[in-house]
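Colleague: Could you take me through this model step by step, with the terms explained as we go?

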Amino acid sequence: MAIKRMFDAVEFHEGEPMRVVTSGVPSIPGDTVYEKMKWLEKNDDQIRLLMLREPRGIPATCCNLLVNSNREDCKCGYIIMEQVEYPMMSGGNTIAVATALLETGMIPMTDEIMEFNLEAPAGVIGIKAYCDLVKKKCVKVEFENVPAFAVYLDKEIDVPHIGKVKVDIAWGGMFFTLIDSTQFKDYGTNGLELLPENGKEISKLSSLITTAAIEQCPVEHPDYPGVGITLSVMHQPPVTPGTYMRTSNWYATGPVDFDNPQTWTGALDRGVCGTGCCALMAVEHAKGNLKVGDPFVNEGLLGIQFDCFIKEEIDDFYGHKAIVPVVGGGGWIYGYSKWVLDEDDPFQNGFTIGDIW
């Protein structure tokens with residue numbers, strides 16, 4: 001076999017499969033990880049496509065590429081890759097990267113609490129990792145995210161095929177459409193319940209509502225020009241005692257066309273969306289429901305939970321009232337892989353088929 005490309009990776013999940021590519025990529029130019037990400041997007045998008053499409057990935061797969069950081073205060077940089085974009089920040093992927101670095105020894109696990117910085121495209125992310133030194137296991141990763149803020153509260157939008165829907169729009173490392181699932185009374189008195197078996201309906205509604213929000217709710221982050229709404233989180237009141245709410249994060253696997261029902265789909269986060277947690281906390285704080293230091297335990301579709309809180313308030317963040325959010329969670333390495341690309345493989349960028357994509 002003539003091998004064209006070869007990658008080593010750590011396979012990790014916290015419900016959601018989140019691959020961490022550790023080798024196989026030439027040095028990427030750029031002074032910051034954000035600049036490296038933009039270069040990769042323009043010049044070598046094949047890595048993302050190979051790692052996320054079939055036969056190496058499924059719609060729910062995420063991937064991270066470890067890169068050098070030019071910052072003296074950061075141990076490593078990482079570029080986040082998802083099905084249709086390069087996110088500026090991702091909570092679950094940050095936990096995956098920190099866990100992989102520690103459990104493989106790339107960052108020596110020397111103390112029960114390991115504190116260090118990583119550089120994401122969104123900026124410096126402070127990590128506090130809780131470790132079991134006997135098992136050499138990273139039990140929990142807590143990270144301080146970039147400032148989060150609400151942009152629209154209780155905004156009513158017109159959604160084709162659904163009607164009027166109320167949403168909140170907030171930045172938590174990405175711009176999110178936040179959707180209260182209890183408003184959809186066609187599904188029952190409690191609205192659309194966030195259960196795994198309701199995944200198709202959650203995905204359908206989320207795809208339509210998020211696409212409408214993109215059109216009707218303009219947003220702008222001063223540090224990241226051109227980054228708009230790409231994701232959503234549907235939420236409902238808590239199901240498990242001790243949690244704040246249950247949520248389901250949706251992200252696109254391709255363009256959504258209001259006139260083509262076959263495109264009203266996407267992937268649902270199997271774990272808990274960390275940046276979504278930050279956006280939700282920003283909204284809850286803006287509405288007066290969540291104060292600095294209050295616990296915010298978010299539960300995903302599979303019952304996996306992230307422990308979060310607001311560290312501090314920021315009175316003026318580019319004209320917004322913002323918060324500094326902290327998110328904590330853990331996951332599991334389930335494999336170590338070496339991926340190759342045969343130069344005769346007819347699918348040099350992977351492939352998708354409409355039965356699951």
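Modeller: What follows is a short set of questions and answers about one helix and one pocket. This is a predicted model, in which local features need pLDDT of at least 70 and side-chain atom pairs count only at pLDDT 80 or more, while totals for chains, interfaces and linings use all residues. Residues are numbered from 1 along each chain as its sequence is written, and side-chain values use heavy atoms, with hydrogens and water left out.

Colleague: How far does helix 4 reach from its first C-alpha to its last?

Modeller: Helices are DSSP runs of H or I with at least four residues, strands are runs of E with at least two, and both are numbered from the N terminus. Helix 4 covers residues 199-216, which makes 18 residues. The expected span is 1.5 Å times one less than the number of residues. That gives 26 Å for helix 4, and close to this is the reach in the model, 25 Å.

Colleague: Is Thr210 buried or exposed?

Modeller: Thr210 is found in helix 4. Buried means under 20% relative accessible area, exposed over 50%, and partly exposed in between, with a 1.4 Å probe and protein chains only. Because its relative accessible area is 1%, Thr210 counts as buried.

Colleague: Which residues is Thr210 in contact with, leaving aside its neighbours within four places in sequence?

Modeller: Contact means heavy atoms within 4.5 Å. With those sequence neighbours left aside, the partners of Thr210 are Thr177, Ile229, Thr230, Leu231, Ser232 and Trp250.

Colleague: Which strands do the buried residues of helix 4 pack against?

Modeller: Among the buried residues of helix 4 are Ile202, Leu205 and Leu208. The strands that the buried residues pack against are strand 8, strand 9, strand 10, strand 11, strand 12 and strand 13.
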